Amino acid sequence: MYNRKHFFSGGISRHEPSAIGGFMRHLPVRIALSSVCLTMVGLCLTLSAQTKKPSVWDKIKQAAQQPGQQQPQQPGQQPQQPSQQQPGQRPQRPAQQPSSGSSINDSGPFKPPAGTKIEEKILAPLQDRAKFEVSPHGVHVATTETDGSRAVVYYDGVVGPKFDEILPQTGGNVAFSPDSKRYAYCARLGTQYVVMVDGKELVRSSEANSGRFDEASCQLGFTSNSKHVFWTSNVVLETKRGSMYRRFWFDGRPSPTGSVTDGPAISPDGDHFAYGLTISDPYHQDRYAFAVDGKIAPYMAGSPQWTSDSKHLYTQRSAAPNGTELLFDGKPIAKAFGFKVYIPPVGDMVAVVVSGGTNFHPFSFLVVNGKKVPGSDTVERGAISKVVFSPDGKHYAAIIGDLNNHLWVMVDGKRGQEYTSIDKLTFTADSSTVVYTAYVNSKVFVIVGDQEFGQPMGAPVPIISPVGNRVGAFIATDGTPHLLMDKQITALTAHGGSDLSFTPDGAHYAYFAVDGLGGRLVIDGAPQPQSSLSGDRIDMQNVSTLKYIFSADSKHVAHFAVPTTPTGDYQRGVFLDGKYVQISADGTNTDLTFSPDSKHLFWIHPYGDRRLRVFIDGKPLVDFFAAGNSVAMVAGWWDFGEDGTLSLLAQDENSLKGTHS
């Protein structure tokens with residue numbers, strides 16, 4: 001399956017006008033292209049400053065109202081003025097648009113931008129049945145192959161040491177850190193397993209699972225800050241009691257003698273950990289201990305939970321005769337039948353559901369920041385089933401119910417109305433408003449704050465704006481489709497809508513007005529005449545992805561489209577900022593993506609020979625082949641880095657390769 005890997009990097013081309021409706025006027029491009037087993041193609045964009053223009057959204061709405069007029073000028077596009085060529089500056093050519101009904105043949109050869117330099121680097125040798133894995137970000141690739149009869153791991157072209165075998169992890173052979181800058185794997189060498197981190201040996205151990213080295217022998221992970229590596233191993237020395245235990249390792253340091261049975265709980269900042277231990281031997285009763293940061297604590301406890309700032313630890317332990325003690329940093333602070341602690345991701349608030357009574361007559365109540373919440377008591381087997389926090393950590397909402405299946409939401413101590421069921425409890429992005437769905441009396445409701453919006457049946461899904469307090473949902477009021485937006489109800493067409501979402505800044509919303517098997521994009525309530533959904537997949541990895549995209553700066557919107565009127569041939573295009581632009585007449589397209597700076601638009605187009613081509617603003621950049629026709633389904637294969645570089649895992653006629661753009 002694999003061949004050599006190469007890496008191509010390139011220089012800066014001259015400025016060229018964009019082919020996509022005047023979108024992104026200047027495009028200095030540096031291309032890196034590879035043609036090997038696993039390669040990286042780099043394409044770095046040097047972006048010119050652009051004059052700030054009025055918002056495109058008003059122009060889109062104007063175009064929707066007057067579709068016959070000329071389309072509005074795109075953001076960043078200079079007004080047409082008499083040419084004022086500067087000394088030494090090449091004149092710019094106007095972007096060429098296809099005539100209506102014509103077909104575009106873009107499958108032929110093309111030249112990279114002028115000045116491109118190509119360099120090669122071998123990343124891994126060609127080998128049948130080699131296995132590659134891709135990091136979540138940045139397209140770092142680890143390949144498991146053999147060197148003679150020995151197993152090896154290549155990481156971004158660097159080969160590791162030889163082992164008897166590479167031990168499997170859950171879902172693969174290699175673990176990547178959350179920032180994708182580190183990697184680790186386990187391997188067997190004779191009667192020992194070896195932990196390799198960032199290409200260096202960290203630990204060797206002969207502890208095995210009944211003499212076997214398998215998936216249970218070394219399960220790796222990285223902490224949230226990517227600074228620490230940890231793993232667990234199941235050790236079975238003999239079959240008798242006291243000879244079997246579960247070991248936890250943190251940065252190569254093993255847990256104290258005993259089996260880790262409760263935890264480990266790792267702090268949000270990734271620097272601390274805690275777990276319970278069972279210490280047993282064949283001849284005596286089991287003993288128990290509790291460890292924090294690898295050291296036995298002076299108290300016994302379990303159920304560890306770190307506070308959001310990672311500085312404090314809640315634990316619990318049994319208390320005679322049938323109770324439980326809640327501890328804070330090892331000191332008892334409460335005693336009851338049971339506790340369930342809820343800690344927000346930010347802030348100092350802590351909510352505790354306290355259980356009392358007996359198994360036959362239980363009750364519970366809510367304590368927030370050490371104070372009992374009045375009116376939160378439950379009776380007759382009632383329960384507090386869920387507690388959620390606002391994004392700023394300053395507000396809470398809890399679902400409370402009784403034995404008769406009456407449920408209500410309590411927000412900051414205020415009780416809401418009763419329902420038969422409650423779901424999707426959350427807060428708006430600005431933490432000001434609680435949102436949830438509920439069912440009662442044969443009707444389903446979306447509740448926004450203290451207002452209800454109902455329909456006869458179904459399962460409405462509230463859509464929360466990423467900024468502010470905006471909430472939207474499709475509901476069927478009186479059996480007909482309606483849009484709920486900002487607590488206002490608007491009737492839709494008979495077919496309803498789909499794919500509702502907000503721009504990243506929360507200022508605008510969009511959805512597809514369903515029309516038969518297709519759809520037309522609606523922006524802030526204004527249907528877009530030149531929008532006609534093609535059905536091409538935006539993201540090959542996720543079938544639930546929206547069928548259109550917004551740019552990161554919230555100024556642009558795009559989706560794959562077909563002509564709004566019949567053309568007599570099989571055409572494909574892009575709907576961009578209110579205008580349809582034809583891009584190819586051959587096949588479908590995938591992976592429509594704005595660059596992080598919102599100035600460029602990428603997509604991939606496949607051809608009949610299974611060849612794929614990356615386009616940027618309508619210009620071809622690189623051809624490649626998907627490995628086994630499956631590269632597009634590998635998580636992390638298409639990713640933008642922090643510097644705006646697009647990385648793409650690809651394959652040419654003989655090899656798998658990665659692309660940086």
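Two strands are treated as paired if DSSP finds at least two bridges between them. With that rule in hand, this briefing introduces a predicted model of a protein of 661 residues, of which buried residues make up 50%. Its secondary structure amounts to one helix and 56 strands. The sections below move from the whole protein to a sheet, a hairpin, the nonpolar cores, the disulfide and the salt bridges.

**Overall composition**

- The accessible surface of the protein is about 30700 Å², and carbon and sulfur atoms account for 52% of that area.
- Among contacts in the protein with a separation of 6 or more, 45% are between residues 24 or more positions apart.

**A four-stranded sheet**

- Strands of a sheet pair through backbone hydrogen bonds, in either a parallel or an antiparallel sense.
- One open sheet in this model consists of four strands in the order β46-β47-β48-β49, and its pairing is antiparallel.
- The edges of this sheet are β46, at residues 549-550, and β49, at residues 579-584, each of which pairs on one side only.
- Strand β48, covering residues 572-576, is joined to β49 by five bridges in the antiparallel sense.
- Within this pairing, L576 has K579 of β49 as its bridge partner.

**The hairpin of β40 and β41**

- Strands β40 and β41 run antiparallel and are joined by four bridges.
- L484 finds its bridge partner in β41, namely I489.
- Two residues lie between the strands of this hairpin, and D486 adopts a positive phi near 55° there.
- D486 appears again below, where its side chain meets that of R470 in a salt bridge.

**Nonpolar cores**

- The largest nonpolar core contains 19 residues, and F602, I604, V614 and W637 have the most contacts inside it.
- Six strands each supply at least two residues of this core: β5 (131-134), β51 (601-606), β52 (611-616), β53 (619-625), β54 (638-640) and β55 (646-651).
- Another core, of 16 residues, lies apart from the largest one and includes L167, Y193, V203 and W231.

**The disulfide**

- The structure has one disulfide.
- C186 and C218 form this bond, with an S to S distance of 1.7 Å.
- The bond links distant parts of the chain, since C186 belongs to strand β11 and C218 to the loop between β13 (200-205) and β14 (219-222), 32 residues apart.
- C186 has a relative accessibility of 0% and therefore counts as buried.
- C218 likewise has a relative accessible area of 0% and is buried.

**Salt bridges**

- The count of salt bridges comes to 13.
- One of them joins R188 to E165, whose closest N and O atoms are 2.7 Å apart.
- Because R188 is in strand β11 (residues 183-189) and E165 is in strand β9 (residues 165-167), this pair ties together parts that are 23 residues apart in sequence.
- R188 is partly exposed at a relative accessible area of 21%, and E165 is partly exposed at 28%.
- A further salt bridge brings together the side chains of R470 and D486, at 2.8 Å from N to O.
- R470 sits in the loop between β38 (463-464) and β39 (471-475), and D486 in the loop between β40 (482-485) and β41 (488-491), so this bridge ties together parts 16 residues apart in sequence.
- Buried means under 20% relative accessible area, so R470, at 16%, counts as buried.
- D486, at 35% relative accessibility, counts as partly exposed.
- The side chains of R572 and D536 also meet in a salt bridge, with 3.1 Å from N to O.
- Since R572 lies in strand β48 and D536 in the loop between β45 (526-527) and β46, the pair ties together parts that are 36 residues apart in sequence.
- Both R572 and D536 are buried.
- Salt bridges also form a network, which links R150, D164, E165 and R188.

**Points where the topics meet**

- Strand β11 holds C186 of the disulfide.
- The same strand, β11, also holds R188, a member of the salt-bridge network with R150, D164 and E165.
- Strand β48 pairs with β49 in the sheet and carries R572, the salt-bridge partner of D536.

Definitions and conventions: Residues numbered from 1 in each chain as written. Predicted model: local features only at pLDDT ≥ 70, side-chain atom pairs only at ≥ 80, totals over all residues. Heavy atoms only, no water. Salt bridge = Lys/Arg side-chain N within 4 Å of Asp/Glu carboxyl O. Buried < 20%, exposed > 50% of the residue type's maximum accessible area, 1.4 Å probe, protein only. Core = buried A, V, L, I, M, F, W, Y, C linked by side-chain atoms within 4.5 Å. Disulfide = S-S within 2.5 Å. Contact = heavy atoms within 4.5 Å. Areas by Shrake-Rupley, 256 points an atom, 1.4 Å probe, with all protein chains shown as cover.
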